[in-house]
Amino acid sequence: EKGGWSSFMAKEVSEEPEAVANTIRGRIHDSAVVIPELDGLDELFAGTERILVIACGTAAYAGQVGKYALEKWARVPVDVELAHEFRYRDPVLSAGTLVVSISQSGETMDTLMAVKYARERGAKTLSICNTQGATIPRESDAVVYTHAGPEVAVASTKAFVAQITALYLLALHIARVRDSISAADQARHVAELEAVPAKIAHILEHEQERTTQLAHWMADTRSVLFLGRHVGFPIALEGALKLKEISYIHAEGFAAGELKHGPIALIEPGQPVFVIVPSPRESSLLHDKVVSNIQEIRARGARVIVIAEAGDAAVLPFADEVLRIPLAGPMFEALLAVVPLHIFAMGLATARGLDVDQPRNLAKSVTVE
Ligand code: BG6
(Lines give C-alpha, C1' and ligand atoms only; values in the text may rest on other atoms or scores of the structure.)
Protein backbone atom coordinates (compact mmCIF):
# COMPACT_ATOMS: atom_id res chain seq x y z
CA GLU A 1 0.00 0.00 0.00
CA LYS A 2 0.98 3.61 -0.62
CA GLY A 3 0.97 4.56 3.07
CA GLY A 4 1.30 8.33 3.35
CA TRP A 5 2.93 8.70 -0.09
CA SER A 6 1.37 10.57 -3.01
CA SER A 7 2.25 7.73 -5.39
CA PHE A 8 3.80 4.27 -5.41
CA MET A 9 6.69 5.76 -7.35
CA ALA A 10 7.38 8.30 -4.57
CA LYS A 11 7.24 5.48 -2.02
CA GLU A 12 9.50 3.25 -4.09
CA VAL A 13 12.12 5.97 -4.69
CA SER A 14 12.15 6.55 -0.91
CA GLU A 15 12.83 2.81 -0.53
CA GLU A 16 15.97 2.86 -2.70
CA PRO A 17 18.32 2.77 0.34
CA GLU A 18 16.61 -0.37 1.70
CA ALA A 19 16.50 -1.96 -1.76
CA VAL A 20 20.29 -1.77 -1.93
CA ALA A 21 20.82 -2.80 1.72
CA ASN A 22 18.45 -5.77 1.45
CA THR A 23 20.12 -6.97 -1.74
CA ILE A 24 23.54 -6.92 -0.02
CA ARG A 25 22.35 -8.60 3.18
CA GLY A 26 23.63 -12.14 3.80
CA ARG A 27 26.06 -11.96 0.89
CA ILE A 28 29.17 -10.58 2.63
CA HIS A 29 31.49 -12.84 4.61
CA ASP A 30 34.82 -11.68 6.02
CA SER A 31 34.85 -8.55 3.85
CA ALA A 32 34.32 -10.53 0.63
CA VAL A 33 31.24 -11.27 -1.45
CA VAL A 34 29.93 -14.81 -1.10
CA ILE A 35 26.50 -15.28 -2.65
CA PRO A 36 25.08 -18.43 -1.05
CA GLU A 37 22.81 -19.19 -4.05
CA LEU A 38 25.93 -19.51 -6.22
CA ASP A 39 27.55 -22.09 -3.99
CA GLY A 40 28.85 -24.94 -6.15
CA LEU A 41 29.32 -22.82 -9.28
CA ASP A 42 33.02 -22.01 -8.79
CA GLU A 43 34.02 -24.26 -11.66
CA LEU A 44 31.49 -22.62 -13.96
CA PHE A 45 32.80 -19.12 -13.10
CA ALA A 46 36.42 -20.20 -13.37
CA GLY A 47 35.73 -21.49 -16.89
CA THR A 48 33.55 -18.59 -18.08
CA GLU A 49 35.01 -17.06 -21.23
CA ARG A 50 32.36 -14.48 -21.87
CA ILE A 51 29.32 -13.03 -20.17
CA LEU A 52 26.32 -11.99 -22.20
CA VAL A 53 23.80 -9.84 -20.34
CA ILE A 54 20.27 -9.80 -21.74
CA ALA A 55 17.36 -7.66 -20.60
CA CYS A 56 14.84 -5.02 -21.72
CA GLY A 57 14.18 -1.42 -20.74
CA THR A 58 15.55 -0.19 -17.44
CA ALA A 59 16.94 -3.65 -16.64
CA ALA A 60 19.12 -3.43 -19.78
CA TYR A 61 20.59 -0.13 -18.53
CA ALA A 62 21.39 -1.82 -15.20
CA GLY A 63 23.15 -4.44 -17.32
CA GLN A 64 25.19 -1.76 -19.08
CA VAL A 65 26.31 -0.42 -15.69
CA GLY A 66 27.14 -3.98 -14.58
CA LYS A 67 29.40 -4.48 -17.60
CA TYR A 68 31.88 -1.92 -16.21
CA ALA A 69 32.13 -3.80 -12.90
CA LEU A 70 32.18 -7.32 -14.36
CA GLU A 71 35.01 -6.46 -16.74
CA LYS A 72 36.98 -4.34 -14.28
CA TRP A 73 36.79 -6.76 -11.35
CA ALA A 74 36.08 -10.24 -12.75
CA ARG A 75 38.15 -9.66 -15.94
CA VAL A 76 35.61 -11.42 -18.15
CA PRO A 77 34.57 -9.86 -21.48
CA VAL A 78 30.95 -8.72 -21.29
CA ASP A 79 28.38 -7.88 -23.94
CA VAL A 80 25.02 -6.38 -23.10
CA GLU A 81 22.21 -7.01 -25.50
CA LEU A 82 18.50 -6.27 -25.70
CA ALA A 83 16.69 -9.59 -25.34
CA HIS A 84 14.49 -9.03 -28.42
CA GLU A 85 17.49 -8.34 -30.66
CA PHE A 86 19.58 -11.23 -29.39
CA ARG A 87 17.33 -14.08 -30.47
CA TYR A 88 16.80 -13.00 -34.04
CA ARG A 89 20.33 -12.66 -35.34
CA ASP A 90 21.85 -16.14 -35.04
CA PRO A 91 24.19 -15.17 -32.17
CA VAL A 92 27.41 -17.06 -31.42
CA LEU A 93 27.09 -19.01 -28.18
CA SER A 94 29.52 -21.49 -26.70
CA ALA A 95 29.69 -23.61 -23.57
CA GLY A 96 32.00 -20.93 -22.15
CA THR A 97 29.29 -18.25 -22.44
CA LEU A 98 27.41 -17.35 -19.29
CA VAL A 99 24.12 -15.63 -20.09
CA VAL A 100 22.99 -13.29 -17.31
CA SER A 101 19.38 -12.15 -17.65
CA ILE A 102 17.99 -9.24 -15.66
CA SER A 103 14.28 -8.80 -15.04
CA GLN A 104 12.36 -7.17 -12.21
CA SER A 105 9.19 -9.15 -12.90
CA GLY A 106 10.83 -12.33 -14.14
CA GLU A 107 7.99 -12.57 -16.66
CA THR A 108 9.06 -10.32 -19.56
CA MET A 109 8.42 -12.50 -22.59
CA ASP A 110 11.26 -11.11 -24.72
CA THR A 111 13.76 -11.86 -21.95
CA LEU A 112 12.27 -15.29 -21.19
CA MET A 113 12.46 -16.37 -24.83
CA ALA A 114 16.07 -15.19 -25.06
CA VAL A 115 17.00 -17.20 -21.94
CA LYS A 116 15.35 -20.34 -23.35
CA TYR A 117 17.07 -19.80 -26.69
CA ALA A 118 20.49 -19.47 -25.04
CA ARG A 119 19.93 -22.53 -22.88
CA GLU A 120 18.88 -24.67 -25.82
CA ARG A 121 22.15 -23.74 -27.50
CA GLY A 122 24.30 -24.87 -24.62
CA ALA A 123 24.96 -21.65 -22.69
CA LYS A 124 24.66 -21.55 -18.90
CA THR A 125 22.04 -19.10 -17.66
CA LEU A 126 21.93 -17.03 -14.50
CA SER A 127 18.97 -14.81 -13.72
CA ILE A 128 18.87 -11.61 -11.67
CA CYS A 129 15.26 -11.22 -10.65
CA ASN A 130 13.12 -9.38 -8.10
CA THR A 131 10.18 -11.79 -8.01
CA GLN A 132 10.54 -15.07 -6.12
CA GLY A 133 9.63 -18.11 -8.18
CA ALA A 134 8.93 -16.19 -11.40
CA THR A 135 9.23 -17.89 -14.79
CA ILE A 136 12.68 -16.57 -15.84
CA PRO A 137 14.48 -17.77 -12.67
CA ARG A 138 12.69 -21.12 -12.99
CA GLU A 139 14.02 -21.44 -16.54
CA SER A 140 17.60 -20.53 -15.50
CA ASP A 141 20.47 -22.62 -14.12
CA ALA A 142 21.05 -20.19 -11.25
CA VAL A 143 19.36 -17.14 -9.75
CA VAL A 144 20.47 -14.16 -7.71
CA TYR A 145 17.40 -12.45 -6.32
CA THR A 146 17.27 -8.71 -5.83
CA HIS A 147 15.44 -7.90 -2.62
CA ALA A 148 13.89 -4.56 -3.54
CA GLY A 149 10.45 -5.69 -2.39
CA PRO A 150 7.34 -5.50 -4.61
CA GLU A 151 7.50 -2.68 -7.15
CA VAL A 152 4.08 -1.35 -8.17
CA ALA A 153 4.75 1.81 -10.22
CA VAL A 154 5.22 0.93 -13.89
CA ALA A 155 8.51 2.84 -14.16
CA SER A 156 11.20 0.90 -12.35
CA THR A 157 13.20 2.74 -9.67
CA LYS A 158 14.14 0.78 -6.55
CA ALA A 159 14.42 -2.41 -8.61
CA PHE A 160 16.97 -0.65 -10.85
CA VAL A 161 19.32 0.20 -7.97
CA ALA A 162 18.86 -3.32 -6.61
CA GLN A 163 19.77 -4.77 -10.03
CA ILE A 164 22.99 -2.74 -10.17
CA THR A 165 23.76 -3.85 -6.61
CA ALA A 166 23.23 -7.51 -7.57
CA LEU A 167 25.50 -7.10 -10.60
CA TYR A 168 28.25 -5.56 -8.44
CA LEU A 169 27.87 -8.43 -5.97
CA LEU A 170 28.05 -10.92 -8.83
CA ALA A 171 31.15 -9.20 -10.22
CA LEU A 172 32.88 -9.33 -6.81
CA HIS A 173 31.79 -12.95 -6.25
CA ILE A 174 33.22 -14.02 -9.61
CA ALA A 175 36.35 -11.89 -9.00
CA ARG A 176 36.92 -13.74 -5.73
CA VAL A 177 36.49 -17.13 -7.41
CA ARG A 178 38.78 -16.20 -10.31
CA ASP A 179 41.22 -14.42 -8.03
CA SER A 180 41.19 -11.46 -10.38
CA ILE A 181 41.34 -8.76 -7.69
CA SER A 182 43.29 -8.66 -4.44
CA ALA A 183 41.62 -9.37 -1.09
CA ALA A 184 42.33 -5.74 -0.15
CA ASP A 185 40.52 -4.41 -3.23
CA GLN A 186 37.65 -6.83 -2.66
CA ALA A 187 37.33 -5.55 0.92
CA ARG A 188 37.51 -1.91 -0.22
CA HIS A 189 34.72 -2.40 -2.77
CA VAL A 190 32.60 -4.29 -0.24
CA ALA A 191 32.95 -1.37 2.16
CA GLU A 192 32.08 1.10 -0.61
CA LEU A 193 28.99 -0.92 -1.53
CA GLU A 194 27.87 -1.20 2.08
CA ALA A 195 28.13 2.59 2.39
CA VAL A 196 25.76 3.20 -0.54
CA PRO A 197 22.38 2.95 1.28
CA ALA A 198 23.27 5.77 3.69
CA LYS A 199 24.54 7.88 0.79
CA ILE A 200 21.31 7.42 -1.16
CA ALA A 201 19.39 8.36 1.99
CA HIS A 202 21.54 11.49 2.23
CA ILE A 203 20.62 12.49 -1.34
CA LEU A 204 16.92 11.90 -0.66
CA GLU A 205 17.16 14.04 2.42
CA HIS A 206 19.23 16.90 1.01
CA GLU A 207 18.52 17.14 -2.73
CA GLN A 208 14.93 15.96 -3.10
CA GLU A 209 13.29 19.33 -2.51
CA ARG A 210 15.59 21.28 -4.83
CA THR A 211 15.39 18.67 -7.58
CA THR A 212 11.59 18.65 -7.38
CA GLN A 213 11.55 22.46 -7.46
CA LEU A 214 13.74 22.40 -10.54
CA ALA A 215 11.35 19.94 -12.21
CA HIS A 216 8.44 22.25 -11.48
CA TRP A 217 10.23 25.21 -13.05
CA MET A 218 10.84 23.06 -16.11
CA ALA A 219 7.26 21.81 -16.47
CA ASP A 220 6.89 23.33 -19.94
CA THR A 221 10.18 22.17 -21.36
CA ARG A 222 9.88 20.16 -24.60
CA SER A 223 13.12 18.20 -24.56
CA VAL A 224 15.82 17.28 -22.05
CA LEU A 225 19.21 15.80 -22.83
CA PHE A 226 21.38 13.71 -20.49
CA LEU A 227 25.15 13.26 -20.74
CA GLY A 228 27.41 10.89 -18.83
CA ARG A 229 30.62 8.99 -19.14
CA HIS A 230 31.85 5.60 -17.81
CA VAL A 231 29.03 4.26 -15.58
CA GLY A 232 27.45 7.70 -15.89
CA PHE A 233 26.67 6.91 -19.54
CA PRO A 234 24.05 4.19 -18.90
CA ILE A 235 22.79 6.31 -16.01
CA ALA A 236 22.20 9.14 -18.52
CA LEU A 237 20.23 6.68 -20.67
CA GLU A 238 18.18 5.66 -17.63
CA GLY A 239 17.50 9.32 -16.74
CA ALA A 240 16.19 9.91 -20.25
CA LEU A 241 14.08 6.74 -20.29
CA LYS A 242 12.44 7.59 -16.97
CA LEU A 243 11.52 11.05 -18.23
CA LYS A 244 10.04 9.69 -21.48
CA GLU A 245 8.09 7.00 -19.67
CA ILE A 246 6.29 9.14 -17.14
CA SER A 247 6.36 12.75 -18.37
CA TYR A 248 6.04 12.11 -22.15
CA ILE A 249 8.77 14.65 -22.84
CA HIS A 250 11.35 14.00 -25.52
CA ALA A 251 14.55 12.93 -23.80
CA GLU A 252 17.83 11.45 -25.01
CA GLY A 253 20.88 10.19 -23.20
CA PHE A 254 24.36 10.33 -24.72
CA ALA A 255 27.88 9.30 -23.89
CA ALA A 256 29.54 12.65 -23.15
CA GLY A 257 32.48 11.77 -25.41
CA GLU A 258 30.06 11.36 -28.30
CA LEU A 259 28.91 14.99 -28.04
CA LYS A 260 31.30 16.33 -30.68
CA HIS A 261 30.42 13.45 -33.02
CA GLY A 262 26.81 14.59 -33.42
CA PRO A 263 24.61 15.48 -30.47
CA ILE A 264 26.18 18.93 -29.98
CA ALA A 265 24.24 19.97 -33.09
CA LEU A 266 21.10 19.74 -30.95
CA ILE A 267 22.27 22.40 -28.52
CA GLU A 268 20.50 25.72 -28.89
CA PRO A 269 19.88 28.48 -26.36
CA GLY A 270 17.77 27.29 -23.44
CA GLN A 271 18.14 23.54 -24.12
CA PRO A 272 18.21 21.79 -20.72
CA VAL A 273 21.06 19.28 -20.38
CA PHE A 274 21.80 17.12 -17.36
CA VAL A 275 25.47 16.25 -17.04
CA ILE A 276 26.70 13.52 -14.70
CA VAL A 277 30.26 14.44 -13.76
CA PRO A 278 32.68 11.68 -12.70
CA SER A 279 34.66 12.24 -9.54
CA PRO A 280 37.93 14.17 -10.02
CA ARG A 281 39.60 12.06 -7.32
CA GLU A 282 39.87 8.79 -9.22
CA SER A 283 40.38 10.04 -12.75
CA SER A 284 41.03 13.72 -13.22
CA LEU A 285 41.29 12.98 -16.94
CA LEU A 286 37.69 11.79 -17.27
CA HIS A 287 36.46 14.49 -14.94
CA ASP A 288 38.21 17.26 -16.89
CA LYS A 289 36.91 15.96 -20.21
CA VAL A 290 33.34 16.09 -18.96
CA VAL A 291 33.90 19.58 -17.53
CA SER A 292 35.10 20.73 -20.95
CA ASN A 293 31.96 19.17 -22.49
CA ILE A 294 29.99 21.33 -20.08
CA GLN A 295 31.88 24.42 -21.24
CA GLU A 296 31.17 23.54 -24.88
CA ILE A 297 27.43 23.20 -24.43
CA ARG A 298 27.25 26.20 -22.12
CA ALA A 299 28.96 28.32 -24.78
CA ARG A 300 26.09 27.36 -27.12
CA GLY A 301 23.47 28.46 -24.63
CA ALA A 302 22.52 25.16 -22.98
CA ARG A 303 20.92 25.27 -19.57
CA VAL A 304 23.24 22.96 -17.68
CA ILE A 305 22.16 20.95 -14.67
CA VAL A 306 25.15 19.20 -13.20
CA ILE A 307 25.20 16.15 -10.95
CA ALA A 308 28.59 16.20 -9.25
CA GLU A 309 30.17 14.95 -6.07
CA ALA A 310 30.26 17.16 -3.00
CA GLY A 311 33.20 19.56 -3.09
CA ASP A 312 33.82 19.42 -6.85
CA ALA A 313 34.19 23.16 -7.46
CA ALA A 314 35.42 22.90 -11.07
CA VAL A 315 31.82 22.60 -12.32
CA LEU A 316 30.57 25.74 -10.58
CA PRO A 317 31.51 28.42 -13.15
CA PHE A 318 29.64 26.63 -15.96
CA ALA A 319 26.57 25.15 -14.28
CA ASP A 320 23.12 26.68 -13.96
CA GLU A 321 22.24 24.20 -11.25
CA VAL A 322 24.38 21.76 -9.28
CA LEU A 323 22.90 18.71 -7.59
CA ARG A 324 25.32 17.11 -5.16
CA ILE A 325 26.01 13.45 -4.47
CA PRO A 326 28.25 12.16 -1.66
CA LEU A 327 31.79 10.96 -2.40
CA ALA A 328 31.97 7.34 -3.57
CA GLY A 329 34.24 5.04 -5.55
CA PRO A 330 33.96 5.48 -9.35
CA MET A 331 31.73 2.41 -9.83
CA PHE A 332 29.42 3.40 -7.01
CA GLU A 333 28.63 6.86 -8.36
CA ALA A 334 26.12 5.12 -10.64
CA LEU A 335 23.97 4.16 -7.67
CA LEU A 336 24.00 7.75 -6.42
CA ALA A 337 23.71 9.83 -9.60
CA VAL A 338 20.54 7.99 -10.66
CA VAL A 339 18.65 9.10 -7.54
CA PRO A 340 18.22 12.78 -8.52
CA LEU A 341 17.24 11.63 -12.02
CA HIS A 342 14.44 9.46 -10.61
CA ILE A 343 13.30 12.37 -8.43
CA PHE A 344 13.45 14.76 -11.39
CA ALA A 345 11.34 12.55 -13.68
CA MET A 346 8.77 12.11 -10.95
CA GLY A 347 8.73 15.86 -10.19
CA LEU A 348 8.28 16.81 -13.84
CA ALA A 349 5.46 14.31 -14.44
CA THR A 350 3.74 15.54 -11.27
CA ALA A 351 4.17 19.18 -12.33
CA ARG A 352 2.46 18.28 -15.62
CA GLY A 353 -0.45 16.74 -13.74
CA LEU A 354 0.27 13.18 -14.86
CA ASP A 355 -0.26 9.87 -13.11
CA VAL A 356 3.30 8.81 -12.34
CA ASP A 357 2.34 5.26 -11.40
CA GLN A 358 0.32 4.40 -14.50
CA PRO A 359 1.85 6.09 -17.55
CA ARG A 360 -0.12 5.87 -20.76
CA ASN A 361 0.53 2.95 -23.13
CA LEU A 362 2.90 1.13 -20.76
CA ALA A 363 2.52 -2.05 -18.73
CA LYS A 364 4.57 -3.09 -15.71
CA SER A 365 5.28 -6.47 -17.16
CA VAL A 366 5.12 -7.15 -20.90
CA THR A 367 4.21 -10.80 -21.31
CA VAL A 368 3.90 -10.77 -25.09
CA GLU A 369 6.73 -10.74 -27.59
C1 BG6 B 1 8.86 -2.58 -19.47
C2 BG6 B 1 8.58 -1.80 -18.21
O3 BG6 B 1 7.76 -2.86 -20.19
O4 BG6 B 1 9.63 -3.73 -19.11
C5 BG6 B 1 9.94 -1.26 -17.80
O6 BG6 B 1 7.66 -0.74 -18.45
C7 BG6 B 1 10.88 -2.41 -17.51
O8 BG6 B 1 9.82 -0.45 -16.64
C9 BG6 B 1 10.93 -3.42 -18.68
O10 BG6 B 1 12.17 -1.90 -17.33
C11 BG6 B 1 11.59 -4.72 -18.27
O12 BG6 B 1 10.82 -5.35 -17.26
P13 BG6 B 1 11.42 -6.47 -16.35
O14 BG6 B 1 10.29 -6.92 -15.44
O15 BG6 B 1 11.86 -7.59 -17.26
O16 BG6 B 1 12.54 -5.90 -15.58
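Good morning. Five strands build an open sheet in this structure, ordered S4-S3-S5-S6-S7 and paired in parallel. I should say at once that the model is a predicted one. The edges of the sheet are strand S4 (78-82) and strand S7 (142-145), each of which pairs on one side only. On average, neighbouring strands of this sheet are turned by 20 degrees against each other, direction ignored.

Let me turn to the S4 side. Five bridges connect strand S3 (residues 50-55) with S4, in the parallel sense, and alanine 55 lies opposite leucine 82 in S4. Helix H4 (residues 58-74) packs on the sheet, where it touches S3, S4 and strand S5 (97-103). The direction of H4 makes about 175 degrees with that of S4.

I come next to helix H8 (residues 158-178). Its 21 residues, at 1.5 Å a residue, should span 30 Å, and the end C-alpha atoms are indeed 30 Å apart, so expectation and model agree. Is H8 enclosed or open to the surroundings? Taking buried to mean under 20% relative accessible area, 18 of the 21 residues of H8 are buried, and therefore the helix is largely enclosed by the rest of the structure. Just after H8, aspartate 179 adopts a positive phi of about 60 degrees.

Finally, I consider another pair of strands. Strand S8 (residues 223-228) and strand S9 (residues 250-255) run parallel and are joined by six bridges. Within this pairing, glycine 228 stands across from alanine 255 in S9. Together with helix H11 (residues 232-247), S8 and S9 make a β-α-β unit, and this unit is right-handed. Thank you.

Terms used: Residues numbered from 1 in each chain as written. Predicted model: local features only at pLDDT ≥ 70, side-chain atom pairs only at ≥ 80, totals over all residues. Heavy atoms only, no water. Pairing = 2+ DSSP bridges. Helix = DSSP H or I, 4+ residues; strand = E, 2+ residues; numbered from the N terminus. Right-handed = clockwise from strand over helix to strand, strands pointing away. Axes fitted to C-alpha atoms, helices over the stretch in contact; angles between N-to-C directions. Contact = heavy atoms within 4.5 Å. Expected span 1.5 Å × (residues − 1). Buried < 20%, exposed > 50% of the residue type's maximum accessible area, 1.4 Å probe, protein only.
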